[in-house]
Amino acid sequence: MTLWGYCDDTGVGKSSIVCRFVQDHFDHNISPTIGASFLTKTVPCGHELHKFLIWDTAGQERFHSLAPMYYRGSAAAVIVYDITKLDSFQTLKKWVKELKEHGPEDIVVAIAGNKNDLGDIREVPMKEAKDFAESIAAIFMETSARNAVNVEELFQKISKYLDSNESFKITRQPPPSNKRCC
Ligand SMILES: Nc1nc2c(ncn2[C@@H]2O[C@H](COP(=O)(O)OP(=O)(O)OP(=O)(O)O)[C@@H](O)[C@H]2O)c(=O)[nH]1
């Protein structure tokens, strides 16, 4: 799975979403990603465990050319924009186009409108983003890594979607006896 998104000034919150998902933690002073970070998390899904192998890619423009290295081998891609930055939503559309043209044919696309705790300075209406996601058959959720809103749910939704699709590539592991694991 690959996460990416881009915003001119501060980041859209990709690393913060992954940090919330993997460690249930939010760092106000998180550093910009250089290149990409790799993290894993195993979550229960029905009677199985799903192991997420996550590439958190850098949003800065100088790293854009590296993106194909990460999405080419991915079963799913989460494209993140910042609901308070219209330009990040416009950039998301460019990434969707690139993914459709150069990404794996069956890649699952999820769109996350992050920072929804900042709704009072919102620039991207939720309906516009939802309609766009529907038009490309993508999963859509507004999230807040800061307030832990919809982050777990986003990954659960992707997990369920991939589970219902025979061609998914997330590693399956046998569940341990009576034990939940993360
Ligand atoms: N209010 C609010 N701020 C957030 C949220 N998520 C991230 N941030 C802040 O946004 C800034 C950028 O977050 P990052 O997680 O580094 O963003 P990124 O997309 O990984 O950035 P790059 O690594 O540069 O691509 C940081 O100051 C975070 O604290 C959120 O849900 N709400």
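How are helix 1 and helix 5 oriented to each other: roughly parallel or roughly perpendicular? They are roughly perpendicular to each other, a label for angles of 65 to 115 degrees, with under 35 counting as roughly parallel, over 145 as roughly antiparallel and the rest as oblique.

First, some housekeeping. This is a predicted model, so local features need pLDDT of at least 70 and side-chain atom pairs count only at pLDDT 80 or more, while totals for chains, interfaces and linings use all residues. Residues are numbered from 1 along each chain as its sequence is written, and side-chain values use heavy atoms, with hydrogens and water left out.

**The overall layout**

The protein has five helices and seven strands; these are DSSP runs numbered from the N terminus, helices being H or I with at least four residues and strands E with at least two. Along the sequence they follow the pattern β-α-β-β-α-β-α-β-α-β-α-β. Of the 182 residues, 48% count as buried, meaning under 20% relative accessible area, where exposed is over 50% and partly exposed is in between (1.4 Å probe, protein chains only). Take the contacts (heavy atoms within 4.5 Å) between residues at least 6 apart in sequence: 73% of them join residues at least 24 apart.

**Helix 1 against helix 5**

Two packed helices are described by the angle between their axes and the distance between the axes. Here, helix 1 (residues 14-23) and helix 5 (residues 151-163) pack at about 85 degrees, with axes 9 Å apart. The axes are lines fitted to C-alpha atoms, for helices over the stretch in contact, and angles run from 0 to 180 degrees between N-to-C directions. On the helix 1 side, Ile-17, Arg-20 and Phe-21 meet Val-151, Glu-152 and Phe-155 of helix 5. By class, that contact has four nonpolar, no polar and two charged residues; Ala, Val, Leu, Ile, Met, Phe, Trp, Tyr, Cys and Pro count as nonpolar, Asp, Glu, Lys and Arg as charged, and the others, Gly among them, as polar.

Helix 1 is mostly covered, with eight of its 10 residues buried. Among them are Lys-14, Cys-19 and Arg-20. After the helix comes Asp-24, whose phi is positive, near 50 degrees.

**Strands 5 and 6**

Strand 5 (residues 108-114) and strand 6 run parallel and are joined by four bridges; for two strands to pair, DSSP has to find at least two bridges between them. One pairing puts Ala-112 opposite its bridge partner Met-141 in strand 6. Strand 6 (residues 139-142) points Ile-139 and Met-141 one way and Phe-140 and Glu-142 the other, and all are buried. With helix 4 (residues 126-135) added, strands 5 and 6 make a right-handed β-α-β unit: with the strands pointing away from the viewer, the path from the first strand over the helix to the second runs clockwise.

**A few loop residues**

Two residues in the loop between strand 6 and helix 5 are worth a look side by side.

| Residue | Phi | Relative accessible area |
|---|---|---|
| Ala-148 | near 55 degrees | 39%, partly exposed |
| Asn-150 | about 65 degrees | 25%, partly exposed |

Ala-148 sits in that loop, and Asn-150 does too. Neither Ala-148 nor Asn-150 is a glycine, yet phi is positive in both.

Elsewhere, Thr-84 lies in the loop between strand 4 (76-82) and helix 3 (86-102). Thr-84 is buried, at 6% relative accessible area. Beyond its neighbours within four places in sequence, Thr-84 is in contact with Leu-118, Ile-121, Arg-122 and Glu-123.
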